[in-house]
Amino acid sequence: MAALALGGFGIGTTEFATMGLLPQIAETFRIPDYEAGHAISLYAAGVVVGAPLIAVLGAKLPRKGMLIGLMLAVALGNGLSAAAQDKTLLLVARFVAGLPHGAFFGIAAVVAATLVAPERRGTAVARVMVGLTVANLVGVPLATAAGQQIGWRTAYLAVAVIALVTAAAIAAWVPVVPKAEGASMKGEVRAFGRPTVWFAIFTGMIGFGGMFAVYSYVAPLTTEVAGLPSSAVPWMLAVFGLGMTLGATFGGRFVDRSSMGSVFGGLVAVCLILVLFGLTATIPFLMFVFLFLLGFVVQILAAALQIRLMDASPDAPSLASSSNHSSLNVANGAGAWLGGLAIAAGWGYTSTAWVGVALSLAGLAIAVASVVYERRAFTRETANHTTAMASAASTAVETHPR
């Protein structure tokens, strides 16, 4: 598990460190900050494209070998990012760096789940995600500080080194986990024909947007609404990262008991936290508290959605599990965009909390619809089975009368 978590630490660091290094990147290439921000968008695009594509193409490959190859790809993408000599090359490099992101977490979750008893899958998946949460707590602040003092390229070089170390650690410590029996590209793609898979994907895509609507604007919320100095922003981010880390460490127990119950509970909790956040955002201490709670809850929700997708597609877990990270990156972009629209409309930075509530409620509605669909499908299947059994019995009586 430690090797898989280390990979998550490296990926989490490279995903979010760019946000703190935008001024330095923009200065290097003599472009505005918003143009440098395209590096973030291209990375997210790489995640969305790479997660399902790599899972399908690698359906017949051993999972341990896939994980090693994906970490080598992370090293390549970040090495290219560090070496980029113009904006275009940087954008291409960030897209390449994003390609293995979702597939790594998806396959790592499947591998972790196979290494423990069925009733411990939620805890195993949550522990894989600990690396990502520790990246938010430690890796991103350190990478940002190093990038500011030494140069932004050092942050990407450090991630490339972490990726290479992770590949070696996986080779040495992770046991051989063969591909799923009967796995194939066609079988993996077939997972997208199941409504339950799409329900889970859209639950994350919409529901998680609520968190990102607020998280994307933590800096101005801290300085403009809570009235704190800019030096408090890293502490706000660290508190959120601490919540995520504890959520990943202890939250798996809730998922072990009930993945769907954790989805419902997580979305309801996010709604309540965001309501309280929106009402009390001018009080600095409470902003710290609610950001911590938000980080804790969303990490439980992420693990629950991961297990939910794996359960919805047992014969194609790699694609379904990897798609969770594609959907979360869509949520990232959608939440930030919708929150920005509310701010641009003149509703203030606290309006992002209400945008988040609306998105979380929409995600909850999708989750409810998925349960209703499953119950109706089960009722139809039971009725069809009963009818078939009755028909068979009737035929038997007619064929063999007493």
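Let's start with helix α4, residues 63–83. It has 21 residues. From the first C-alpha to the last, α4 reaches 30 Å. At 1.5 Å a residue, 30 Å is also what we expect. Keep in mind that this is a predicted model.

Which residues of α4 are buried? Among them are Met-66, Leu-67, Leu-70, Met-71 and Val-74. The list also includes Arg-63, Lys-64, Asn-78 and Ser-81. Ala-75, Gly-77 and Ala-82 are buried too.

Next, helix α7, residues 152–173. How far apart should its ends be? It has 22 residues, so at 1.5 Å a residue it should span 32 Å. The end C-alpha atoms are 32 Å apart, which agrees.

Now the buried residues of α7. Trp-152 and Tyr-156 are on that list. So are Val-159, Ile-162, Thr-166 and Ile-170. The alanines on it are Ala-155, Ala-160, Ala-163, Ala-167 and Ala-169.

On to helix α15, residues 284–312, where we find Phe-290. Is Phe-290 buried or exposed? Its relative accessible area is 11%. Buried means under 20%, so Phe-290 counts as buried. Look also at Leu-272, which is 18 residues from Phe-290 along the chain. The C-alpha atoms of these two are separated by 10.0 Å.

Let's move to the surface. Val-48, Val-49, Leu-53, Leu-57 and Val-330 form a nonpolar patch there. Together they have about 380 Å² of accessible area. Which helix gives the largest share? That is helix α3, residues 38–57, with four residues. Leu-57 is in α3. Its relative accessible area is 55%. Exposed means over 50%, so Leu-57 is exposed.

There is a charged patch as well. Arg-120, Arg-127, Arg-253 and Arg-257 gather on the surface in a patch of positive charge. Where does Arg-253 sit? In helix α13, residues 252–257.

One more arginine, Arg-30. You will find Arg-30 in the loop between α1 (2–29) and α2 (33–36). Its phi is near 55 degrees. That is a positive value, in a residue other than glycine. Buried or exposed? With a relative accessible area of 79%, Arg-30 is exposed.

Quick recap. The end-to-end distance of α7 agrees with its expected span, and that of α4 is close to its own. Phe-290 is buried. Leu-57 is exposed, and so is Arg-30. The surface carries a nonpolar patch and a patch of positive charge.

Technical notes. Residues are numbered from 1 along each chain as its sequence is written. This is a predicted model: local features need pLDDT of at least 70, side-chain atom pairs count only at pLDDT 80 or more; totals for chains, interfaces and linings use all residues. Side-chain values use heavy atoms; hydrogens and water are left out. Patches are made of residues with over 30% relative accessible area and no salt bridge: like charges are joined within 9 Å, nonpolar side chains (Val, Leu, Ile, Met, Phe, Trp, Tyr) within 5 Å. Accessible areas come from the Shrake-Rupley method with a 1.4 Å probe; for residues, only the protein chains shown count as cover. A salt bridge is a side-chain nitrogen of Lys or Arg within 4 Å of a carboxyl oxygen of Asp or Glu. Lys and Arg count as positive and Asp and Glu as negative; His and the chain ends are not counted. The place of a charge is taken as NZ of Lys, CZ of Arg, CG of Asp or CD of Glu. Helices (H or I, at least four residues) and strands (E, at least two) are DSSP runs, numbered from the N terminus. Buried means under 20% relative accessible area, exposed over 50%, partly exposed in between (1.4 Å probe, protein chains only). The expected span of a helix is 1.5 Å times one less than its number of residues.
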